[in-house]
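Ready for some practice in reading a protein model? Work through each exercise with the structure open, and try it yourself before you look at the solution.

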Amino acid sequence: ASTLGAAAQQSGRYFGTAIAGGRLGDSAYTTIASREFDMVTAENEMKIDATEPQRGRFVFTSGDRIHDWAVRNGKRVRGHTLLWHPGQPAWLQSLSGSALRQAMIDHVNGVMAHYKGKIYAWDVVNEAFADGNSGGRRDSNFQRTGNDWIEVAFRTARAADPAAKLCYNDYNIDNWTWAKTQAVYNMVRDFKQRGVPIDCVGLQAHFSSGNPYNGNFRTTISSFAALGVDVQITELDVQGASPTTYAAVTNDCLAVPRCTGITVWGVRDSDSWRSSDAPLLFGGDGSKKPAYTAVLNALNAA
Ligand code: G3I
């Protein structure tokens, strides 16, 4: 196959990208995005600040624009993200305790009701674990409402849209030996044992000198999958875009049947949240980089 999406489909997987609403008027951008990818994540437009800027007043204009573009171009959509500690509107930051817990539940219900039946998988909770060696939860306003907030979010989400896969998504959980990876693994195992609804784990896979790709990434993917969840690589980018690393990540996903797809976090280097790292598959001029060819060849060899 000659595009990433079509090549991934040969093994029943998808290959997606983050789409920024502000770029949809750029035809060089949309030409590449519509040609190459078959899954779309809104880079920012479905986050809390975008979707519920004031309590109970939901705004879906920007999210819908991306969703509509995706559907018009034959792509599925990952929902990103319902509950996350940064980028919270002031009204939410001002709440605590049971009022915050209720607002959290109402947010999940409000956004998921709007997109009911239209989302392949939701990142229900994003980045709830602490960095470093503590193996604990990140301190956040949600966490201070009680340790059960994550499972409450997942139970709420299941009831709100039973058709959507429900994912826990995080960064720096790529390396199997890291405490943060083990902490998330233990939570997912606990959820599966106790029947808390969870269908997938998103490994963001932002690789850099601080989080270098390690060959044990495949162990991470297969270990999560063995718990009975799908694994998705949700925000892939690689500082410097090493073709070797991109091929290795692709092959690691292809090696695990329950690794259902890969999403890169942007189209061209110039679209990246860390553009100075030139971490993506297309140059700012739209050209295919060596990393692109490495990924395409790996997908076609599967
Ligand atoms: O759109 C406004 C613009 O109107 C304003 O003038 C400008 C001034 O700051 O800000 C613009 O918004 C920025 C937005 O990106 C769009 O460019 C926000 O400030 C900025 O915080 C936001 O950054 C995003 C970041 O998440 C925080 O939400 C990045 O684009 C996005 O790539 C990044 O993505 C995250 C994932 O959601 C979760 N995992 C990590 C990943 C990378 O940080």
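Below are four exercises, each with a worked solution.

This is a predicted model, in which local features need pLDDT of at least 70, side-chain atom pairs count only at pLDDT 80 or more, and totals for chains, interfaces and linings use all residues. Residues are numbered from 1 along each chain as its sequence is written, and side-chain values use heavy atoms, with hydrogens and water left out.

**Exercise 1. The ligand and its shell**

Find the residues around the ligand and the polar side-chain atoms that lie by it.

Solution. Step one: list the residues with a heavy atom within 4 Å of the ligand. They are Glu43, Asn44, Lys47, His80, Trp84, Asn126, Glu127, Gln204, His206, Glu235, Trp265 and Trp273.

Step two: sort this shell by type, taking Ala, Val, Leu, Ile, Met, Phe, Trp, Tyr, Cys and Pro as nonpolar, Asp, Glu, Lys and Arg as charged, and the others, Gly among them, as polar. The shell gives 3 nonpolar, 5 polar and 4 charged residues.

Step three: look for polar contacts (pairs of N or O atoms within 3.5 Å). The side chain of Glu235 has an N or O atom 2.7 Å from a nitrogen atom of the ligand. For Asn44, a polar side-chain atom is 3.0 Å from a ligand oxygen atom, and for Trp265 an N or O atom of the side chain is 3.0 Å from an oxygen atom of the ligand.

Step four: check the cover. On its own the ligand has 780 Å² of accessible area (Shrake-Rupley method, 1.4 Å probe), and the protein covers 42% of that.

**Exercise 2. The largest pocket**

Describe the space in the largest pocket and the residues that line it.

Solution. First, the term: on a 1 Å grid over the protein atoms alone, a pocket is an open set of points with protein on both sides within 12 Å along at least five of seven lines, and lining residues have an atom within 4 Å of a point. A volume is the space filled by probe spheres set on the points.

Next, the values. The largest pocket holds about 300 Å³ of space. Of its 17 lining residues, Glu127, Gln204, His206, Glu235 and Trp273 are closest to the centre. The lining divides into 4 nonpolar, 8 polar and 5 charged residues.

**Exercise 3. A closed space**

How many cavities of 30 Å³ or more does the structure hold?

Solution. In a cavity, a 1.4 Å probe fits but cannot get out. The structure holds 1 such cavity of 30 Å³ or more, and the volume of the largest cavity is about 40 Å³. Among the residues that line the largest cavity are Leu83, Trp84, Asn126, Glu127 and Arg138. The whole lining has 5 nonpolar, 3 polar and 2 charged residues.

**Exercise 4. Backbone surprises**

Locate a cis peptide bond, then study Asn172 and Ala241.

Solution. Start with the bond from His80 to Thr81, which is cis with omega near -10°. Thr81 belongs to strand β3 (residues 76–83); strands are DSSP runs of E, at least two residues, and helices are runs of H or I, at least four.

Then turn to phi. Asn172 is not a glycine, yet its phi is positive, about 55°; this residue sits in the loop between β5 (165–170) and α8 (179–194). Ala241, not a glycine either, has a positive phi of about 55° and is found in the loop between β8 (230–238) and α10 (243–254).

Finally, are these residues buried or exposed? Buried means under 20% relative accessible area, exposed over 50%, and partly exposed in between. Asn172 counts as buried because its relative accessibility is 18%, and Ala241 counts as buried because its value is 5%.

Technical notes: Polar contact = N/O pair within 3.5 Å; in protein donor to acceptor, adjacent residues only side chain to side chain. Buried < 20%, exposed > 50% of the residue type's maximum accessible area, 1.4 Å probe, protein only.
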